[in-house]
Amino acid sequence: MAAVLRRSAKYSLSGKLTPFAGPVTALHSRNERGRTALSCLVSNQRNSSSVSKIKVDLDSNTGIAVMTLQSPPVNSLSLDFLTEFAISLEKLEMDRGCRGLVLTSALPKIFSAGLDIMEMYGKSPERCGEFWKAVQEMWLKLYGSNMVTVAAINGSSPAGGCLMALSCDYRIMADNPRYGIGLNETQLGIVAPFWFKDTLANTVGNRTTELALELGLLYSAPEALKIGLVDQLVPEDKVVSTAIESMAKWFAIPDHARQITKSMMRKPTIDKLLSSRESDINNFVSFITKDSIQKSLRMYMESLKKRKA
């Protein structure tokens, strides 16, 4: 959502992709509605591009998968992207050999710029509803994953990109003050929904969340560490390796004990959305299709074009 945050850095990833197999045990995906939602996502997946937006490398020896976001220019969360993300995550949940997930980006200086504005501008209510359901599904699967999830944030991560990072168990960010992270939706005239708010409040507390959301704050990496938005800062070229190394302390805990504890902490927040998914979708569609909101989005896109010019 913040395409203004493009910078230059290199990151590449290689590894062995192993076949996926086994029963799914995601915290929320035991719920039949979660399975139905995935089926809808799969059936509605578009074929507009044959290029994969998600790259998954699973090390069968360590049980750690690295999921790399690779959708230029800024890993915007489009419907195609979100659908592929949900399917990829579901496959990993089904693989008994996968215990941990590292989420990172292959693009220069950007983790994810958040929701794709073009999915919200000039679209029919039906299309906006489909898109929002996919955003919900991304959060439900990641926030409720039974795997150990670590965000290796090797670039800026505003708005929906921040939500994706917040949904992980642990966040390691590149120690670069030029990188920003935060839920800055209000700067675009958009209101973050309650489950965005709850995820942030569960991480940094209510007062910090109130200020962050009302002012649409983007925190530098050092500031994010100070308020607890991220857990660790490391040199940029060490972000992924540190994330992989950090898995050891999580793997040292018996899986069932860690998973039950995670569910105890996160299930109330997850259930809050599960009990009101349709109303949340309707609220989003009603809001985003308002003339005033569409005007704000148009003005923002025009400002981006002027910057490029």
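Modeller: Let's start with a definition: a helix axis is a line fitted to the C-alpha atoms over the stretch in contact, and the angle between two axes runs from 0 to 180 degrees between N-to-C directions. Keep in mind that this is a predicted model.

Colleague: Good. At what angle do the axes of H5 and H6 cross?

Modeller: Generally, two packed helices are described by the angle between their axes and the distance between the axes. In this model, helix H5 (residues 194-204) and helix H6 (residues 206-215) cross at roughly 135°, and their axes come within 7 Å. Angles over 145 degrees would count as roughly antiparallel, so H5 and H6 are oblique to each other. Their crossing is right-handed.

Colleague: Which residues of H5 and H6 meet?

Modeller: From H5 come Lys-197, Leu-200, Ala-201 and Val-204, and they meet Asn-206, Thr-208, Thr-209, Ala-212 and Leu-213 in H6.

Colleague: How are H2 and H3 packed, by angle and by distance between axes?

Modeller: Helix H2 (residues 79-94) packs on H3 at an angle of about 30°, and the axes are 9 Å apart. With angles under 35 degrees counting as roughly parallel, H2 and H3 are therefore roughly parallel to each other. H2 passes H3 in a left-handed crossing. Among the contact residues are Leu-82, Phe-85 and Leu-89 of H2, together with Phe-131, Ala-134 and Met-138 of H3.

Colleague: Now the sheet. In what order do the strands lie?

Modeller: The open sheet has 6 strands in the order E1-E2-E3-E4-E6-E9, with mixed pairing. Its edge strands, E1 (54-59) and E9 (232-234), each pair on one side only. From one strand to the next, the twist averages 20°.

Colleague: How many bridges pair E2 with E3?

Modeller: Strand E2 (residues 64-69) pairs with E3 in the parallel sense over 6 bridges, and Ala-65 stands opposite Leu-101 in E3. At the E9 edge, 3 bridges join E9 to strand E6 (residues 170-174), and these two strands run parallel. There, Ala-174 stands opposite Val-234 in E9.

Colleague: Which way do the residues of E3 point?

Modeller: The general idea is that side chains in a regular strand alternate between the two faces of the sheet. In E3, Gly-100, Val-102 and Thr-104 point one way, Leu-101, Leu-103 and Ser-105 point the other, and all are buried. E3 is thus a mostly covered strand, with 6 of its 6 residues buried.

Colleague: After E3 comes a loop. Is Ser-112 buried or exposed there?

Modeller: Ser-112 lies in the loop between E3 and H3. Buried means under 20% relative accessible area, so Ser-112, at 0%, counts as buried. Its C-alpha is 4.6 Å from that of Gly-161, although the two are 49 residues apart in sequence. Beyond its sequence neighbours, Ser-112 touches several residues, including Leu-69, Asn-75, Ser-156 and Pro-158. Gly-114 is in the loop between E3 and H3 too, and it is buried because its relative accessible area is 0%.

Colleague: Finally, the core. How many residues does the largest nonpolar core have?

Modeller: In soluble globular proteins, nonpolar side chains tend to be buried together. Here the largest nonpolar core has 85 residues, and those with the most contacts inside it include Phe-85, Leu-103 and Ile-181. H3 gives the largest share of this core, 10 residues.

Colleague: And what does Ile-181 touch?

Modeller: Leaving out residues up to four places away in sequence, Ile-181 touches, among others, Ile-153, Cys-162, Met-173, Leu-217, Tyr-219 and Leu-229.

Definitions and conventions
Residues are numbered from 1 along each chain as its sequence is written. This is a predicted model: local features need pLDDT of at least 70, side-chain atom pairs count only at pLDDT 80 or more; totals for chains, interfaces and linings use all residues. Side-chain values use heavy atoms; hydrogens and water are left out. Two strands pair if DSSP finds at least two bridges between them. Helices (H or I, at least four residues) and strands (E, at least two) are DSSP runs, numbered from the N terminus. Buried means under 20% relative accessible area, exposed over 50%, partly exposed in between (1.4 Å probe, protein chains only). A nonpolar core is a set of buried Ala, Val, Leu, Ile, Met, Phe, Trp, Tyr and Cys residues joined through side-chain atoms within 4.5 Å. Contact means heavy atoms within 4.5 Å. Angles under 35 degrees count as roughly parallel, over 145 as roughly antiparallel, 65 to 115 as roughly perpendicular and the rest as oblique. A crossing is left-handed if the near helix is turned anticlockwise from the far one by less than a right angle, and right-handed if clockwise.
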